[in-house]
Amino acid sequence: MSFLCVRERGKILKEDMSVSMEFGVGSVLEGKVTGITKFGAFVSLPEGKSGLVHISEIAYTYVSDVKDYLHEGQEVKVKVINIDENGRINLSIKKAQEPPPRPAGGQRRSGGRSAGFTGQRRPAEPQTFEDKLKQFMQTSDSKLSELKMNDRRSSRRGGRK
């Protein structure tokens with residue numbers, strides 16, 4: 001059995017390397033759900049270890065209630081995503097699986113900015129400095145004339161100055 005000695009705050013700590021190597025970050029393991037909370041699920045792992053699957057790491061979709069996805073005693077495949085300095089093991093169920101396929105055609109979820117937009121297309125970006133300057137001048141003139149037009153309209157309607 002090999003040990004790793006670490007000095008922390010003046011104390012020398014021994015860590016069993018055979019256990020820490022078994023549960024390295026990135027390892028995919030089989031476990032069993034032993035407890036469910038509002039924020040996730042505890043999973044027992046081989047060699048008497050256990051870890052937490054946070055609610056955000058359960059599925060690729062929004063999870064409002066862990067019990068909708070997991071139950072105690074369920075066998076799950078998990079990936080070790082972090083082991084903190086206190087030895088707590090953070091797990092992910094969704095990262096142990098293949099991500100779901102994305103919708104075809106580059107469609108966005110409803111509410112996306114480009115959904116149903118039928119406005120004017122932006123002109124191609126100018127290539128040279130002269131082209132950029134010309135475009136800037138045209139845009140500037142257009143905005144100035146629009147501001148003047150709005151100013152005249154508001155003065156006719158009794159708007160404030």
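## The barrel

In this predicted model, five strands close into a barrel, and their order is β3-β4-β5-β7-β6. The pairing within the barrel is mixed. Direction ignored, neighbouring strands of this sheet are turned against each other by 50 degrees on average. As a general point, the strands of a sheet are paired through backbone hydrogen bonds, in either a parallel or an antiparallel manner.

## Strand β3 and its two partners

Strand β3 covers residues 28-37 and strand β4 covers residues 40-44. These two strands run antiparallel and are joined by five bridges. The connection between β3 and β4 is a hairpin that passes through two residues. One position along this pairing is Lys32, which stands opposite Ser44 in β4.

Strand β3 is also joined to β6, again by five bridges and in an antiparallel arrangement. Here Leu29 stands opposite Val78 in β6. Lys32 takes part as well, with Glu75 as its bridge partner in β6. Lys32 is thus set opposite Ser44 in β4 and bridged to Glu75 in β6.

## The β6-β7 hairpin

Strand β6 spans residues 75-83 and strand β7 spans residues 89-92. Four bridges pair them in the antiparallel sense. Ile83 stands opposite Ile89 in β7. The two strands form a hairpin with five residues between them. Within the turn, Gly87 has a positive phi of about 85 degrees.

## The nonpolar core

Which residues of the largest nonpolar core touch the most other members? They are Leu70, Val78 and Leu91, in a core of 18 residues. Strands β3, β4, β6 and β7 each supply at least two residues of this core. The greatest contribution comes from β6, which gives three residues.

Val78 has contacts with several parts of the chain. Leaving aside residues up to four places away in sequence, Val78 touches Ser27, Val28, Leu29, Leu45, Val53, Leu91, Ser92, Ile93 and Ala96. Among them is Leu29, the residue that stands opposite Val78 in the pairing of β3 with β6. Another is Leu91, which is itself one of the core residues that touch the most other members.

## Ser92 in strand β7

Is Ser92, a residue of strand β7, buried or exposed? Its relative accessible area is 0%, so Ser92 is buried. A polar atom of the Ser92 side chain lies 3.0 Å from the backbone nitrogen of Lys95.

With residues up to four places away in sequence not counted, Ser92 touches Val53, Glu57, Lys77, Val78, Lys79 and Ile81. Val53 and Val78 are included in this list, and Val53 is also among the residues touched by Val78.

## An aromatic pair

The model contains one aromatic pair. Its members are Phe39 and Phe42, whose ring centres lie 6.5 Å apart and whose planes meet at 85 degrees, so the arrangement is edge-to-face. The reasoning rests on a cut-off: planes over 60 degrees apart count as edge-to-face.

Both rings belong to residues with some accessible surface. Phe39 is partly exposed, because its relative accessible area is 41% and the partly exposed range lies between 20% and 50%. Phe42 is likewise partly exposed, with a relative accessible area of 33%.

Definitions and conventions:
Residues are numbered from 1 along each chain as its sequence is written. This is a predicted model: local features need pLDDT of at least 70, side-chain atom pairs count only at pLDDT 80 or more; totals for chains, interfaces and linings use all residues. Side-chain values use heavy atoms; hydrogens and water are left out. Rings of Phe, Tyr and Trp (its six-membered ring) pair if their centres lie within 6.5 Å; planes under 30 degrees apart count as stacked, over 60 as edge-to-face and the rest as tilted. Buried means under 20% relative accessible area, exposed over 50%, partly exposed in between (1.4 Å probe, protein chains only). Two strands pair if DSSP finds at least two bridges between them. Axes are lines fitted to C-alpha atoms, for helices over the stretch in contact, and angles run from 0 to 180 degrees between N-to-C directions. A nonpolar core is a set of buried Ala, Val, Leu, Ile, Met, Phe, Trp, Tyr and Cys residues joined through side-chain atoms within 4.5 Å. Contact means heavy atoms within 4.5 Å. A polar contact is a pair of N or O atoms within 3.5 Å; within protein, one must be able to donate a hydrogen and the other to accept it, and residues adjacent in sequence count only if both atoms are side-chain atoms.
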